[in-house]
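Hello,

Here is the structure I promised to pass on to you. Please open it beside this email, and then read on for what turned up in it.

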Amino acid sequence: MRVPRAAGVAAAAAAAVTATAGPASPWTSRQPTSPGPLGLPEAHNKVGRSTGRDMDVLNLMFDALSTMQDTYFERWVGTWPSGNDWTRAVINTHVVATLRTITDELGRKRLGDGDGDGDGGCSIGDRQHLIAGYFADVIAYYFGENALDIRRQAYDDMLWVVLGWLESIQFIQEHGSFLSPSAPGTASGIATWYGDRWTPAFAHRSRIFWELAAQGWDTKLCDGGMLWSPRGLPYKNAVTNELFISASMAMYLRFPGDPNKSPFGGDGGGGGEPASNAKLDWQPRDPVFGRAAQNAHAWLAASNMTNDQGLYADGFHISGLGSGGTRCDQRNEMVYTYNQGILLSGLLGLYEATGRERYLDEGHALVENVIRATGFDLARGRPFDATDGDDDGTATSTEPQHRPYHRRSSSNTRSSSSSSSSKSKNKSTHKLPPWRGLGRLGILEDACDAAGTCSQDGQTFKSIWMHHFAQFCSPTALRPPPNGTSASASTTTSSTTTTTAAAAATAKRAQARHKARCRRYVPWLRRNALAALGTRDDRGRFGMWWTAGLFADDSGSGGGGGGGGGGGVTAEEVDEAERRDRRAGRWPAGAVDYRNHGAPWGEEKKEKKEGTGTETETKTDPGREPPEADEPGGRNKAGQKPLASRGLDEKGGTGPWDPNLRGRGRTLETQAGGLAVLRALWVVSGNE
């Protein structure tokens with residue numbers, strides 16, 4: 001099978017498809033008259049309504065994937081050079097998850113049962129050509145991944161690797177089933193898909209990195225929990241413990257086994273050397289993985305790591321460490337989006353393994369806390385705070401008409417110098433409402449978004465939340481507990497038909513409740529996807545601050561545009577909102593935003609040096625408080641000017657004010673965010 005070249009995957013699809021697109025809708029791609037890259041019909045209905053899901057979303061998702069890979073992935077080196085080690089592992093997970101979603105939809109449609117109806121004239125070979133092309137990128141990344149260096153990094157970095165390759169194994173299994181000889185419309189003579197050949201390699205890397213990361217489990221301090229890193233002062237944080245729960249459950253449920261005894265295991269210190277007690281022959285469903293997940297979840301649940309909004313704070317230090325103290329008693333109150341999402345896939349896995357609905361209840365409580373913290377009222381299906389452009393907050397029930405961002409003509413542009421002098425003339429009618437904890441106006445935000453000060457780490461967080469949320473609420477993910485067994489070591493099974501039938505009925509009711517609760521989230525999710533689409537530039541690249549996309553005006557400017565139609569949010573309004581939020585205590589006492597403003601307490605952390613392919617060690621002052629980088633004219637740690645002090649377009653010339661050009665601008669990581677929210681919408685709306 002010939003794999004399409006770098007920039008030719010989407011083009012090959014368009015050439016193969018002869019479908020005719022319908023009229024433009026809020027979901028249309030950058031070229032609304034071109035056929036969808038998958039050749040699937042565009043329904044042009046409202047996504048998630050009873051009439052079915054809008055195929056535009058699936059095509060837009062594929063378009064986002066194509067833009068990400070063709071813009072940022074270098075096939076000759078097998079990686080995304082602008083990423084860093086851990087963000088690349090996350091990006092790889094997004095690529096594979098998207099391929100899984102496409103495979104699932106193609107399998108569900110079954111290509112119109114091979115009769116050509118509903119398939120846009122695109123054959124199985126055409127679609128397989130596309131999927132195989134991007135799976136080739138995944139294979140290339142297996143060799144391009146900086147595996148040797150990650151072995152000596154923090155434990156959370158290692159666990160991203162585990163999740164990514166387990167996701168790849170799941171895709172191989174599902175796509176192989178789609179192409180199996182028994183599948184309708186499949187060409188005869190196909191015994192196994194070539195992707196199966198890579199399962200042993202992917203499984204081996206997953207196992208090696210799980211073993212290395214498991215060395216971070218520590219019972220000497222805080223009565224348990226994962227350490228963030230084998231170096232520096234001990235820090236037990238939400239991300240590492242949630243990752244350990246989710247990765248351990250994924251190993252229990254998805255890991256196919258690994259008899260490969262090379263190269264070596266862990267040494268208890270993250271040094272990557274052989275351990276004398278290393279296990280050398282791992283089997284599927286090994287109870288070691290299940291016990292690890294359950295122990296980590298029990299510790300996290302008892303750790304007091306959630307704040308008064310029910311959101312996970314970042315983690316704990318030990319104030320009395322120098323005098324022999326062992327209690328986790330100094331909590332960093334900073335809240336990040338990804339710390340609220342990673343746990344969701346682990347909770348789903350715990351339910352799958354045990355059949356205990358309390359894990360699903362815990363996940364839904366966390367999702368509802370997050371949505372509430374974005375300023376969205378689930379009961380009414382609209383934001384708490386209305387704006388002039390939001391139809392008094394009821395836009396989620398009437399499908400808001402947000403548009404992709406496009407640069408205006410020269411007659412509608414304004415220069416950097418004129419943006420402040422024409423404040424009254426160009427000021428829009430929108431006033432940014434207050435920060436609600438994780439966003440405003442029902443849109444998910446990290447604290448760095450509005451200020452334009454997000455680091456490479458910070459730009460990755462929302463995509464992670466969306467990925468794990470989609471997994472938690474996927475209508476195809478939930479299945480009855482395997483053989484009625486538990487992940488714990490002491491397992492009992494039913495010996496009577498009556499008990500088995502009762503357990504099946506209980507599971508069916510739990511799944512129905514889970515599906516109904518996930519269905520409630522679709523209006524909020526649709527709103528976020530539309531906002532994110534509003535931040536795209538004319539190259540299809542998504543911005544970081546999705547909320548700006550709500551204010552796309554009639555001239556097509558998304559998230560910008562203080563001039564001409566006055567529909568976009570202005571720099572002055574952002575400045576005002578930032579100052580107001582600081583006064584209101586957006587960063588509560590004890591919050592240190594080390595992910596965007598530097599590592600706290602003298603901790604060393606590798607940061608990506610902007611514009612290079614290398615990583616450098618950086619140190620910051622102990623106990624550093626968040627700097628005033630979000631003041632107009634201030635600078636963040638990368639030396640970049642946020643807000644209006646940066647040029648209005650990419651070349652420093654004139655153009656509509658685009659808040660998503662501040663700081664790091666549009667990047668690989670922000671593109672992944674757009675991809676992830678579109679995928680989440682497509683997946684979760686399947687519950688409707």
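Let us start with histidine 514. Leaving aside residues up to four places away in sequence, histidine 514 touches Leu360, His364, Phe472, Cys473 and Leu478. Please keep in mind that this is a predicted model. Histidine 514 belongs to helix H15, which covers residues 497-519. With a relative accessible area of 5%, histidine 514 is buried, because anything under 20% counts that way.

Next, the aromatic rings. There are 32 aromatic pairs in the structure. One of them joins tyrosine 142 and tryptophan 165: the ring centres are 5.5 Å apart and the planes stand at 85 degrees, so this pair is edge-to-face. These two residues are 23 residues apart and link distant parts of the chain, with tyrosine 142 in helix H4 (residues 124-144) and tryptophan 165 in helix H6 (residues 155-178). Both are on the inside by the numbers: tyrosine 142 is buried at 13% relative accessibility, and tryptophan 165 is buried at 1%.

The pair also belongs to a wider group. Phe73, Trp80, Tyr141, Tyr142, Phe143, Trp165, Trp198 and Phe202 are joined into a cluster by ring pairs. Tyrosine 142 has a charged companion as well, since the charged end of arginine 205 sits over its ring, 3.9 Å from the centre. A similar arrangement can be found elsewhere: arginine 358 lies over the face of tyrosine 359, at 4.4 Å from the ring centre.

Now for a small piece of sheet. Three strands form an open sheet in the order S1-S2-S3, and the pairing is antiparallel. Which strands stand at the edges? They are S1 (236-237) and S3 (330-335); each has a single partner strand, so one side of each is left without a neighbour in the sheet. Strand S2 (residues 313-317) pairs with S1 over two bridges and with S3 over four bridges. If you would like a residue to look for, try glycine 315 in S2: asparagine 237 stands opposite it, and its bridge partner in S3 is asparagine 332. S2 is mostly covered, with five of its five residues buried.

Finally, have a look at helix H19 and the residue just before it. Threonine 667 is in the loop between strand S9 (615-618) and helix H19 (668-684). Is threonine 667 buried or exposed? At 9% relative accessibility, threonine 667 counts as buried. Apart from residues up to four places away in sequence, threonine 667 touches Tyr72 and Gln459.

H19 itself has 17 residues and spans 24 Å from its first C-alpha to its last, close to the 24 Å expected at 1.5 Å a residue. How many residues of H19 are buried? The count is 17 of the 17, so H19 is largely enclosed by the rest of the structure.

Happy exploring, and best wishes!

Terms used
Residues numbered from 1 in each chain as written. Predicted model: local features only at pLDDT ≥ 70, side-chain atom pairs only at ≥ 80, totals over all residues. Heavy atoms only, no water. Phe/Tyr/Trp six-rings, centres within 6.5 Å; stacked < 30°, edge-to-face > 60°. Buried < 20%, exposed > 50% of the residue type's maximum accessible area, 1.4 Å probe, protein only. Lys NZ or Arg CZ within 6 Å of the ring centre and 35° of its normal. Pairing = 2+ DSSP bridges. Contact = heavy atoms within 4.5 Å. Expected span 1.5 Å × (residues − 1).
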